[in-house]
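Student: I have a model to go through and would enjoy some company. Could we look at it together, one feature at a time?

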Amino acid sequence: YEGDFWGAGVLGTTVDGDPALEGKLVTENPQAGKIEATGMYMMTINMMDYTYSIKALAPEYYLVGDNFAWDVNLKKYLMYPESTTVMSYTTKFDGNLKFINGNDVGTNNWDACYGTAKDGDTALSGTLQQKSGAIHSPEAGYYTFKADIAAMTYTWTKIEETKEYTSMAAVGDFQGWNPANPDTQMTQLTPHNWYIADLDISTDEFKIAANGAWDDSWGELNMTEDNYGTLAAGGNCKVTPGTYDVFFNDITKQCVIVKK
């Protein structure tokens with residue numbers, strides 16, 4: 001950089017090391033703000049009134065394993081965020097698994113995967129670590145596998161299988177609000193987990209519908225700020241128009257949209 005980096009036009013906080021996630025920016029004696037917790041964030045700066053806001057985002061974690069694919073270069077088996085640090089996945093498990101941060105997918109780096117110290121551990125809970133052995137389901141059956149990245153722990157919770165659906169579709173004005181439209185049918189990747197890639201949501205609403213009809217359909221979630229949440233029967237999801245990969249679990253009704 002040529003010239004004085006800290007000259008006119010540089011913005012900063014009034015207090016050096018300010019950890020606030022929102023506030024005013026100044027040009028006179030600007031100081032550096034501070035994000036205290038490691039993670040993914042979105043920072044918005046309003047140059048009209050010199051304000052800023054910082055929002056924590058839920059990172060993407062993808063499963064690999066016997067019930068998925070042993071492929072650390074595949075962004076397909078996405079875990080569902082419950083917060084910015086807790087992820088879960090509910091399906092029928094029988095075998096080993098690990099999971100990897102989306103930023104490391106495509107690097108062919110198995111050391112980046114999260115697992116546990118004892119390879120094939122079948123305990124109902126344990127400690128996560130990288131450069132590790134695989135976590136094994138306690139026994140064959142339906143479970144929710146939950147990982148807390150902040151605490152570096154995981155748990156298994158056994159559940160009962162619920163109603164099965166023959167098909168699932170992403171529905172909206174972009175495809176004529178037709179739950180039987182073949183162009184937006186989702187693929188069942190694992191039992192009760194559905195996926196569609198590169199979905200062009202050209203308007204600001206969509207929902208999920210089962211079996212080519214409206215009898216079982218879910219929406220009622222504002223996804224313009226957080227890209228994940230739990231759907232409910234009723235209205236539509238609000239979304240910023242764009243192209244997305246869409247993930248949906250018909251047991252938990254968890255949904256994630258990943259902008260392309």
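Student: Which residue in β22 does Tyr228 stand opposite?

Tutor: Happy to help, and bear in mind that this is a predicted model. Start from the strands: β19 pairs with β22 (residues 254-259) in the antiparallel sense, over three bridges. β19 covers 228-230, and the residue in β22 that stands opposite Tyr228 is Val256.

Student: In what order do the five strands of the open sheet run?

Tutor: The pairing in this sheet is antiparallel. β15 (187-190) and β19 (228-230) stand at the edges with a single partner strand each, so one side of each has no neighbour in the sheet. On average, neighbouring strands are turned by 25 degrees against each other, direction ignored. Reading across, the order is β15-β16-β21-β22-β19.

Student: Moving on to charged side chains, how many residues apart are Lys146 and Glu82?

Tutor: The two side chains meet in a salt bridge, at 3.2 Å from N to O. Lys146 belongs to strand β12 (residues 141-148), while Glu82 sits in the loop between β5 (80-81) and β6 (86-93). The pair therefore links distant parts of the chain, and Lys146 and Glu82 are separated by 64 residues.

Student: Is Glu82 buried, partly exposed or exposed?

Tutor: Buried would need under 20% relative accessible area, and exposed over 50%. Its partner Lys146 has 31%, which makes Lys146 partly exposed. Glu82 has a relative accessible area of 38%, so Glu82 is also classed as partly exposed.

Student: Which parts of the chain does the salt bridge between Lys163 and Asp216 tie together?

Tutor: The closest N and O atoms of Lys163 and Asp216 are 2.8 Å apart. Lys163, at 47% relative accessibility, counts as partly exposed. The parts tied together are 53 residues apart in sequence: the loop between β13 (153-158) and β14 (168-171), and the loop between β17 (205-210) and β18 (217-218).

Student: With which residue does Lys238 form a salt bridge?

Tutor: Lys238 lies in strand β20 (residues 237-238) and its partner in strand β17, so the pair ties together parts 33 residues apart in sequence. Lys238 counts as partly exposed at 36% relative accessibility, and the partner does so at 22%. Their closest N and O atoms are 2.8 Å apart, and the partner is Glu205.

Student: Which residues are joined into one network by salt bridges that share partners?

Tutor: A search of the whole structure finds five salt bridges. Shared partners connect some of them into one network, made up of Asp198, Asp245 and Lys260.

Terms used:
Residues are numbered from 1 along each chain as its sequence is written. This is a predicted model: local features need pLDDT of at least 70, side-chain atom pairs count only at pLDDT 80 or more; totals for chains, interfaces and linings use all residues. Side-chain values use heavy atoms; hydrogens and water are left out. Two strands pair if DSSP finds at least two bridges between them. Helices (H or I, at least four residues) and strands (E, at least two) are DSSP runs, numbered from the N terminus. Axes are lines fitted to C-alpha atoms, for helices over the stretch in contact, and angles run from 0 to 180 degrees between N-to-C directions. A salt bridge is a side-chain nitrogen of Lys or Arg within 4 Å of a carboxyl oxygen of Asp or Glu. Buried means under 20% relative accessible area, exposed over 50%, partly exposed in between (1.4 Å probe, protein chains only).
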